[in-house]
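Open the model in your viewer and keep the selection tool at hand. This tour goes stop by stop and says what to select at each one.

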Amino acid sequence: MPHRTETDSRKLLRRLRDEMSIADPGQERLDRITTIIAESMGVDVCSIYLFRDPDTLELCATEGLRPESVHQTRLRLGEGLVGKVARLARPVNSANAPAEPGFRYMPETGEEVFTSFLGVPVQRLGERLGVLVVQAKEARQYSDDEIYGLEVVAMVIAEMTELGAFTGETTGFAAPHQNPTLLRGVTAQEGEAEGNVWLHEPRVVITKLVNDDSRAELARLEDAVAQLRVSIDQLLANAGSRDKEHQEVLQTYRMFAHSRGWMKRMEEDIRLGLSAEAAVEKEQSAARARLETVPDAYLRDRLHDLDDLSNRLLRILTGQGSETGAEMPDRPILVARNIGPGELLDYGRKLRGVVLEEGAVGSHATIVARALAIPLVINVPRITTEALNGDHVLVDGTEGMVHLRPDDSVTTAFRDKMAMQAKAQERYAVLRDKPAQARCGTTITLKMNAGLMADLPSLPSSGAEAVGLFRTELQFLTQDRMPRRSELVANYARVLDAAGDRPVYFRTLDIGSDKVMPYMNRPDEPNPAMGWRALRVGLDKPGVLRMQLQALIRAAAGRELSVMFPLVATASEFTRAHDMLLREIAREERMGHPLPEKLKVGAMLETPSLAYAPTSFFEEVDFLSIGGNDLKQFFFAADRENELVRRRYDTLNVSFLTFLQVIVDRCHETNTALSFCGEDAGRPVDALALAGIGIPSLSMRPASIGPVKSLIRRSNLNEVSELIARVQARGLESARPALLDYVGTLVT
Ligand code: PEP
Ligand code: MG
């Protein structure tokens, strides 16, 4: 390859651009592109391989290899040097390709005469599209400049692919973003939804790829970066000192925005012939490709920051704001890389479903989606690059799957599934006013979990007898400032009004751990789930808890008030919290405010320690509610938010059930009211086991009440209890198989 100059590169890019304007079928265009590149670069071979499916690359056009191998030669991801380029998303450069480890000789191509090999990935924003290869007979190592030049060409090919330049009957390729695509993620909120994609942040569309005047283009980039820097400084000034985390992110943005390396790479891209926006996107794509391979979470976050920054810069350069003027489709399914709880609440119930590329099971957005009962799938790779506004999409929140642009057979099967569930819900509706009475005569009290005022309308139709857990932190998490006491009073009063004569068990703030309020300073903790959270914060810094207790007392004036404290680990913690509540009541009385007509004070049992608290503790509390989500994570030492372990241990594990029986027995001996309000209470088979070991009350999301009630009514809890005892006696690990068998024998 002769030494190449910037002018050569620019000429080549212009010729490629001109190719785009010729209305030829995709194959002819592809063929001509390989010829142009080979000619312009002075190499013997230029080939374009594109992905046929996520694992298979196909030779789609070549100058120099045997023409009959086009659309015949296929390689798996990672196979041969071409497959290696695709897998690593990095160039492979070899003076002697046949001697490289992993080299695979493809006889049909006639490539045995070519010694040197340079392959670069064709990728767009982390989406792998294919591989661009040049080969030559002479054994030579390509220079860094040559590699760089080929990457720039690959960028243009990626954009052309994206614009559908190579689609059509002759190539056998469908236009991108038309194929049905199944993406797998992680369940964050169960349920199914059909609808149309609504991108939270629509992609910037780049129409100008190649520059005519690199000096003018460099000036555009410089201007845009200057604007970007000013805007970040403004954001930093506005952020003030209240939100440490937000500030840290902005500081990182600022650092990147001033990074010489980043600027230099983009300037180089422009000198080689790209437009300013194409240069930004080329570096963004490279960062995204690195993102997928970086195991370190901190570095990944930084690469995300760079990605965000690139988007801002692209918006400045193209003038495309996040407001594109597009109309939200009907039945919108929100697609985003991530979303804050406040933003999600703003969309509210008009969303049918939410799909996130990132997200976490315990994140605030997840909590809000749960509260709104919107199916949510998180950790869905590539969704923001694959989906276009308006695309038809099926969200299977239960299985953690997303069918993008599904074909008719998938849609029909999905609709059948939804219809069956709707029918089942109708059947459950018939049970609404009937008790959850098992065949043995025992009746289980079913309650619902809530966290937003918006949950309350479903109380009467759910058939729940009470709100067994009202998570008060949502109101704190979804605002960017601390709510005022008067706002809390108004909110709690509305909740009580909506609940009517059904009791509401308010759980005081459980912040810390994963639930962090943006406006409160918090220490960095090595293990926040076991750190300074919930009641621990309330006891050490009582200001907010006191305000909350005052608000609860005022809101409940003249009515029953039930308060429970989260994450109580010792009896003395409960006593201190209880005393605090009594002091606030006395204070309210002194101030002449009307008091609640009746008061119940309880604790959430979420740490194993509390199960072994002194008997006096069980006598002191008015009730206990088992927070199964936390209790299970501490019992098995398995982080409830860590995908690697969170499903590892079964709730019906016999050790766990035996432990729960200790709690049941102690409550029984002391005549203490007991309930269970973790997510497991809403899973029918698990709920049956909990009822079978003697837990008299279960609190769950409203949609679960019907299925749980239906199963309990068909069961005999004495039989369930005996079955669990037999499983225990036999030394089995889990009661699930036996219970599933039992459920299978019940009449429907
Ligand atoms: C629990 O831990 O089971 C619980 C109900 O509380 P949260 O999920 O809010 O921690
Ligand atoms: Mg908890």
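How much space lies in the second largest cavity? The answer is about 90 Å³. The model is a predicted one, and a search of the whole structure finds four cavities of 30 Å³ or more.

**Stop 1: the second largest cavity**

Select Arg471, Arg507, Glu606, Asn629 and Arg640; among the 13 residues that line this cavity, these lie nearest its centre. Rolling a probe the size of a water molecule over the atoms shows where empty space is left. Now colour the lining by residue type: three residues are nonpolar, three are polar and seven are charged. Next, select residues 467-471, which form strand E17, and residues 628-635, which form helix H22. Each of these two elements supplies at least two residues of the lining.

**Stop 2: the whole protein**

Clear the selection and zoom out. The C-alpha atoms fill a box of roughly 90 × 60 × 45 Å, taken along the principal axes. In cartoon view, the protein has 27 helices and 23 strands. It has 748 residues, and buried residues make up 55% of them.

Colour the domains next. The domain assignment gives domain 1 as 6-162, domain 3 as 214-318 and domain 4 as 440-744. Domain 2 is written in two pieces, 181-202 and 328-406. How far apart do the C-alpha centres of domain 3 and domain 4 lie? They are 45 Å apart.

**Stop 3: helix H7**

Select residues 260-271, the 12 residues of helix H7. From its first C-alpha to its last, H7 reaches 16 Å, close to the 16 Å expected at 1.5 Å a residue. Which residues of H7 are buried? Show the side chains of Trp262, Met263, Met266, Glu267, Asp269 and Ile270. These residues are on the same side of H7 because they cover an arc of only 155° around the axis.

**Stop 4: two residues with positive phi**

Select Arg382, in the loop between strand E12 (376-378) and helix H12 (383-386). Arg382 is not a glycine, yet its phi is positive, at about 65°. Its relative accessibility is 28%, so Arg382 counts as partly exposed.

Then go to Ala637, in the loop between H22 and helix H23 (654-670). H22 also appeared at the cavity, where it supplies at least two lining residues. Ala637 is another residue other than glycine with a positive phi, near 50°. Is Ala637 buried or exposed? Ala637 is exposed, because its relative accessible area is 70% and the cut-off for exposed is over 50%.

**Stop 5: two pairs across the sequence**

Select Asn179, in the loop between helix H4 (144-162) and strand E7 (181-184). Add Arg405 and take the C-alpha to C-alpha distance: the two are 6.7 Å apart in space, although 226 residues apart in sequence. Asn179 has 40% relative accessibility and so counts as partly exposed.

For the last selection, take Ser616, found in helix H21 (residues 615-620). Which C-alpha separation goes with Ser616 and Ala571? The distance is 8.4 Å, and the two residues are 45 residues apart along the chain. Ser616 counts as partly exposed, because its relative accessibility is 46% and partly exposed runs between 20% and 50%.

Methods
Residues numbered from 1 in each chain as written. Chains lettered and ligands numbered in written order. Predicted model: local features only at pLDDT ≥ 70, side-chain atom pairs only at ≥ 80, totals over all residues. Heavy atoms only, no water. 1 Å grid on protein atoms, 1.4 Å probe; cavity = no way out; pocket = protein on both sides within 12 Å on 5 of 7 lines; lining within 4 Å. Points joined across faces, edges and corners; volume = space filled by probe spheres on them. Helix = DSSP H or I, 4+ residues; strand = E, 2+ residues; numbered from the N terminus. Nonpolar A, V, L, I, M, F, W, Y, C, P; charged D, E, K, R; others polar. Domains from an automatic or database assignment. Expected span 1.5 Å × (residues − 1). Buried < 20%, exposed > 50% of the residue type's maximum accessible area, 1.4 Å probe, protein only. Arc of directions from axis to C-beta.
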